[in-house]
Amino acid sequence: MRGEYKVPGGKLVAVDVDVADGRLTRAAVSGDFFLEPDEALEDINAALAGMPESSSVDQLASAITGALDDAVSLIGFSADAVGVAVRRALGRATGWDDHRFDVIPAQVMAPVMHVALDEVIAREVASGERPPTLRFWDWDSPLVVIGSFQSYKNEIDPEGAVRHDIGVVRRISGGGAMFMEPGNCITYSLVVPSSMVEGLSFERSYSFLDEWVIAALAEVGVSAHFVPLNDIASDQGKIGGAAQKRFASGAVLHHVTMAYDIDADKMLEVLRIGREKMSDKGTRSANKRVDPMRSQTGLSRDAIISSFLDTFRSRYATEEAGYTEAELAQAHELVDQKFGTQEWTHRVP
């Protein structure tokens, strides 16, 4: 059996393994990485031989690390990366090429519906009713989407929200607030089975799931890179952030919001925490805008989204899809019973 893992920002690690009686009887590691001294490759292979087939990534990595001398240098990969490749070879972890993805282009609806659809789609991916899914958001009204664990009163200025007629909803993932007016940012949700991040730390899973969009940004002229834990930045500063929610049922929700052209003055009147963050960047003066995607690309928001979709389709096996009536009905029900209620929105006062 063979498994591969491309280290984000690093090299490809491949492992061929044989299994008998629940243990690895042979392991052969290869790839375009660098390793000094050469003989250490034999030590890595020997460390894997005899390991239980059920070993976790951490257990496999620990066996490798324990077998290597302190003088050994792993360049462009790590013991953890070898562990992930082994788990993929055993069918316990999957990669991008193991799946066909549903792709749903942007569809205008109430932003709270998109928050609800994140939960609906995640349930279906976990149960196998829907394949891994990439979907873009589009919305018809302004809204602040706060993270699952943020304090409402610490984040939101109620007077500013009323003055600008901006609602507030709490999403199921952690992270910071998203100030969303129609057309002011680019947001997508990617829902994948847990097997795709099996063995990856939260930090590594963010960079792994963001890898395709770094390439997509390059296609529209933005030289971007991943900044731990969950930011995407260009040479001119931060352009977006990601948030994740892992479901015990077997799915991972990973969504990203990038600033296209945000009215910073309005945002600072609505978000309390935003004032402190933005004041450090010298953007308190009137009529300032946060527009990295518009200014750095010179493209319309629709053109950027279209290019992103083209990049994703060119890299992975995809199928065009939409929302079913049943999914929309479930989302409406979640809005009524959860996401649209004061109890949920103010659950962290």
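These notebook entries record what I looked up in a predicted model.

**Entry 1: the second largest pocket**

I began with the space enclosed by the second largest pocket, which comes to about 350 Å³. I then asked how many residues line the second largest pocket, and the count is 17. Nearest the centre of this pocket I noted E4, R88, G95, W96 and D97.

Next I sorted the lining by class. Eight of the lining residues are charged, six are nonpolar and three are polar.

I also looked up which elements contribute to the lining. Strand β1, residues 2–6, and helix α7, residues 202–219, each supply at least two residues. The largest share comes from β1, with five residues. At the level of domains, I found that domain 1 (2–90) and domain 2 (96–346) each give at least three residues to the lining of the second largest pocket.

**Entry 2: helices α1, α2 and α3**

I turned to how helix α1 (residues 40–48) is set against helix α2 (residues 57–67). Their axes come within 9 Å and cross at roughly 135 degrees. I therefore entered α1 as oblique to α2. As to hand, the crossing of α1 and α2 is right-handed.

I then followed α2 to its crossing with helix α3, which spans residues 79–89. The axes of α2 and α3 come within 8 Å, and the angle between them is roughly 130 degrees. Because of this angle, α2 is oblique to α3. I recorded the crossing of α2 and α3 as right-handed.

**Entry 3: cis peptide bonds**

Which residues does a cis peptide bond join, and where do they lie? I found one such bond between E36 and P37, with omega about -5 degrees. P37 is placed in the loop that runs between β4 (34–36) and α1. I had already met α1 in its crossing with α2.

I noted another cis peptide bond between P228 and L229, where omega is about 5 degrees. L229 sits in the loop between β12, residues 224–227, and β13, residues 231–234.

**Entry 4: the backbone at D21**

Last, I checked whether the phi of D21 is positive or negative. The phi of D21 is positive, at about 55 degrees, although this residue is not a glycine. I located D21 in the loop between β2 (12–20) and β3 (23–31).

Notes
Residues numbered from 1 in each chain as written. Predicted model: local features only at pLDDT ≥ 70, side-chain atom pairs only at ≥ 80, totals over all residues. Heavy atoms only, no water. 1 Å grid on protein atoms, 1.4 Å probe; cavity = no way out; pocket = protein on both sides within 12 Å on 5 of 7 lines; lining within 4 Å. Points joined across faces, edges and corners; volume = space filled by probe spheres on them. Helix = DSSP H or I, 4+ residues; strand = E, 2+ residues; numbered from the N terminus. Nonpolar A, V, L, I, M, F, W, Y, C, P; charged D, E, K, R; others polar. Domains from an automatic or database assignment. Axes fitted to C-alpha atoms, helices over the stretch in contact; angles between N-to-C directions. Parallel < 35°, antiparallel > 145°, perpendicular 65-115°, else oblique. Left-handed = near helix turned anticlockwise from the far one by under 90°.
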